[in-house]
Structure formats: structure tokens, C-alpha cells
Amino acid sequence: MDKYQVARMLDEIARYIQLGETNPFKSRAFERAARRIETLERDITELVSSGELYSISGIGKGIGPVVTEIVTTGGASYLEELREQYPPGIFDLLRVPNLGLKKIGVLYEKLGVTSIDELEKAAKDNLVADLPGFGKKTQQKILDGIGFARKRESQFLLPRGLEVGELIREQLATIDEVEDAEVAGSVRRRLEIIRNVNVVVSTRAPERVIEQLPKFVADLEAVGETTVKGIARGEMPVLFHFTFPEDFGLALLRATGSEEFVTAFETKAGRKLKARNEEQLFEKAAIPFVEPERRENADDLKRKKRPSLVHPSDLRGTFHVHTTHSDGRNSVADMLAAARDRGFDYCGITDHSVAAYYAGGLSTERVKIQQAEIAREAKNVAPMRVFKGTEADILPDGTMDYGEDLDMFDFVVASIHSRFQMTEEEMTERILRALDDPHVTILGHLSGRRLLTRDGYRVDYDRIFDKAAARNVLIEINGNPQRLDVDWRWLRNAADRGVMFTINPDAHSIREMSHVISGTWVARKAGLTAKEIFNTKPVEEVEEWLEKKRLSR
DNA sequence: GCCGTTTTCGGCCCGACTGTTTTCAGTCG
């Protein structure tokens, strides 16, 4: 039982409490305790056995025994009681936008609503509008929200597809008749949102393979002469495309898509080509290889030679990393070690600025404490260079949080975290003003989008790119798979205007340092090469560039 | 539920927005 498992159970308790409890501070106490436990440096089991648990601020006579029970028995009777009190899947209702735990609690108490289907029926029967705190507009909003949630049900973030694809490949490898299997489709093209996973299976005996598929996927059905469809993990459609080994190249190309690309390729190639792999296929067709990420359209088929897209191994450092000083889950030491273990020559630490209260934004006093710790920890990861930065809020009027105090930092990521519903004109002006602040080094997650959750705010991209190029401000490619922001469809346009990019993880934990990889997907889809990405530069050049930027303040 | 040179009750991290209210609660970031 590690501290994260304890924290997860406390979080679950907190969610249940919100369903039925009017006092919002009780659930918040559990949440706060979860955060405290998550960020403990010491072993939780030790703290429990020594009784030191109660010296942790936020753990008293109510939560203390719960934590003790979890650590010693692996479960909590309080949580079991709560689970029995509510139907399983009640939290699924959270997928409806603008529906929170309070309202879900009321819907369950008064109407017995336990699922999205039941909620839809209740709203259509006009029962929701009469509930206390609800009304006609809320009822309609709920119905709209259900439509939104349903639409999203058939869409997945790319990492889910990669995960399922890898799992299926491993499972196929256990079947003797399978000679080879590759993930294709939108997952291979690294599209940010996918609907299914395509796998090309090379075999001489497709029937024998199909016989064994029910071990791995449910609801198997044929959807064409050479394709079988199933559902993995209860939700993800998987399409198995069968081919003989000598045709694997063409089968992989076709299953990878896009349709536009495949059609154009086959037209250009002129005839059906036999090839055991894709490289061979392109060679036979006398067409320079096109990376899967670049196959959304047929543009790259016109190229004379294969472009050298930026690769994760080109990255020598990164710049957007949170720690426990604000809303990160791991300490400065842990995050720096994670960067070093990734082979980085430099890493920029950025916690939130004071205006981001909800994310634990740092006052200038707390910045000093954070920076002292960074200075201490930097010695342990030398020769990796550590930069002291901040992710500072762009305030509604376009001025920067911290103001002149931004001088404290080696670099500044400027981001928007509030007032999303400004008009396009207002939002654009807000960002342009921030770009004029000489402290600003990087513009963070430009659109603010959360994939499958909310659209980004509307801005005039061209004006922002022009200003960023003129002011020598880097544009962040935020690699968080929920963001992947700026959208790759805009990047070429920005690059052509002379904008320089930095691929950042926006990491809130050690695990999320891997978001630099997802960031490179975005850059590759846009056709960017290493020389357009700032954090492929050697540390000396980066230091020099940042120093020059500092002197121009 | 937790905490206190505000010691046993009354506050708890802030602000915008929306809709349901007639002064505020829920949701979201």
C-alpha cells in the first residue's frame, strides 16, 4: 500500500461526501489530506506505525483512523459504507458538462437517477426542472450536455489508442500463426483524437487467428473480406486487417490512411505493388518515404526527398515543469532527477504564479523558498543545467502576474488560466499585450483547449504569431495529451512567419515528463524539423539566448 | 473534518459565470 493508493481512496471518500453532505469543507478536508499524503517524503507505513501520522497538518481524529485502516488492512470501512450507499457508476454522470457532485447527489436523492440514460429520461419527462436549485434552463443544459457526453463516448485521446494497440500486439504475438502485427490507422498517424484502433495482422492462416481473437476482444464481427472488428477493454473498437506476409507493405499503408493519402499514393504508384514492408513499397513506387504522421493529406507525396522530422532524441532539455511548491505531485528533486534520467542537458522549473490560487500559485516570498530549494537540488543533478522559471498568469487586462518581480526568474512561461469567454478581439489583445512584456520568454498553451472537454478560446492566430516572431517569444508546443496545444494544423503557418517553438511537457508529475514525447507528435505532424525547435539546441546556446533575452528587459 | 499567540467555535484558497434566486449555490478553472 503506497501513498498514492491511500490518496486515491481519500479522494474517493471526498467525492462521495460531496454527493450528500451540505458542508463543503468536510470533503475538502479529505482532499487536502490526500494531497498532503501524496507529497510525503517519508514512507506512509512508517508514519502510521510510529504514530507520527497525526503530526501531519490536515490529519486529525477523523481522517487519521481511516488512513491507519487503509495502510494496515488495505481498505477502509468508511469508504465501503459510502460505496454501498450509492449505486456503482454514479460518478459516470460527471461526464455531463456543468453537472457536478452536488447536483448529481440531488438527482439521485430526489429522482433515483443513477446513470446518464436515466438522467435523460428524467429530463425529458420534465422532472428535473422542478427540483430545488434546478430550473428549465438547467434541464435543457443537462439534455445538451448528455448529447455532448454521448458524442464523446465514441472518441478517445491518442494515449488510450496507443495503449490498446500495444496490448493487442502483445496478445497477437502469443498466437503461433501470426507472423507480424503492426498498429496502423489514426493511432499510427498520431492523430490527437481517435475513434478506433487498427491493427494489420500478417498471417498465412487468418481463420486460425480469428478463432483465437475472442480471448482478447468482445463482440467480434466481420466488416469486410479481410477485416474483423471487436471491442477491447469494453470500449475501444479494434479493427484487425488480415494480409499475407508478401503484401504486408500495402496492407499497412492502406490501413494507416488517410484515405486521401492512400488514394493519391496508389494513383502515383500506378499499379498494385507487392512488398513485405512499407519502406520497400515506397522504394518500388519510387516515392520518397512519407512518415505516418504526415499522411493526413497527400502534400508530402510531391516532395523530392524525405524530410527529417524532429525526433524525441533531438530534445536536449525542456522548460515547463511543476513541483509540489504549486500543484505538481513530485518534489523539485524528483522532477529534476526525472529530467536528468531522460538524458536532458537542461531543465526549467516553473510553478504557478500568485494569481493562480486554485493551483497553489506562489507568492514572491514562496518563490524565494522554491528557488533556494532549486539551487540546492541543482547541485545533485549537475552537470545538467537548471533554469529557474515560472508559469505566470496573463491577467485579464494582458499585464503579467508578478509585474516587475518577474526579474526574479531566468525565464517566464506566460499562460492564460482565467476568463476564457472573452471575445476573440479581447483575447487577442490580451495575449498581444503580454507578448510585449519583455520578461515573457515563452507563450504557454496558446489556445487553452482541453481535448474532448472544452474548445480553446478564440484568438487571431496570425496576429499572435506575427507578434511572437517580432518580439522573439517562443511558442510552446504543450505535450500534455489532453492539450497538444498549439494544434499541429497551425504550426506550419507559425513557422513560416519565423516563430520558434519549444516542446514542453507541462509536467505535474515524474510520469508526465513523458509528455515531451507526445509534444514531438504534434511537431512531426506539422512537418517541423529539429532546427525549428528551440529545445533541441545545446545548453550553451540556450543559456546565451536566455541571457540576451534577460538583458533586453 | 481540521485548526487555533483569533484556543473549543467559526472560519476554511479565489473569482467569474450562470441560473435560480430576491441574496446565493453550483460549477469550472
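Which residue has a backbone N or O atom 3.5 Å from a sugar or linking oxygen of DNA strand B? In this predicted model, where local features need pLDDT of at least 70, side-chain atom pairs count only at pLDDT 80 or more, and totals for chains, interfaces and linings use all residues, that residue is H417. Residues are numbered from 1 along each chain as its sequence is written, chains are lettered from A and ligands numbered from 1 in the order in which they are written, and side-chain values use heavy atoms, with hydrogens and water left out.

The backbone of K103 and that of G135 also approach the strand, in both cases at a phosphate oxygen, as the table shows.

| Protein backbone atom | Atom of DNA strand B | Distance |
|---|---|---|
| K103, polar atom | phosphate oxygen | 3.1 Å |
| G135, N or O atom | phosphate oxygen | 3.1 Å |
| H417, N or O atom | sugar or linking oxygen | 3.5 Å |

Two or more residues of the surface near DNA strand B come from each of helix 2 (24–38), helix 6 (101–111) and helix 8 (136–153), helices being DSSP runs of H or I with at least four residues, numbered from the N terminus. A residue counts as near if one of its heavy atoms lies within 4 Å. In total 34 residues surround the strand, with G58, G60, G100, G135 and F420 the closest, and sugar and phosphate supply 79% of the strand atoms that come within 4 Å of the protein.

Helix 8 also meets helix 7 (residues 116–124), their axes coming within 10 Å and crossing at roughly 145°, where axes are lines fitted to C-alpha atoms over the stretch in contact and angles run from 0 to 180 degrees between N-to-C directions. Among the residues making this contact (heavy atoms within 4.5 Å) are L119 and A123 of helix 7 and I142 and I146 of helix 8.

Methods: A polar contact is a pair of N or O atoms within 3.5 Å; within protein, one must be able to donate a hydrogen and the other to accept it, and residues adjacent in sequence count only if both atoms are side-chain atoms.
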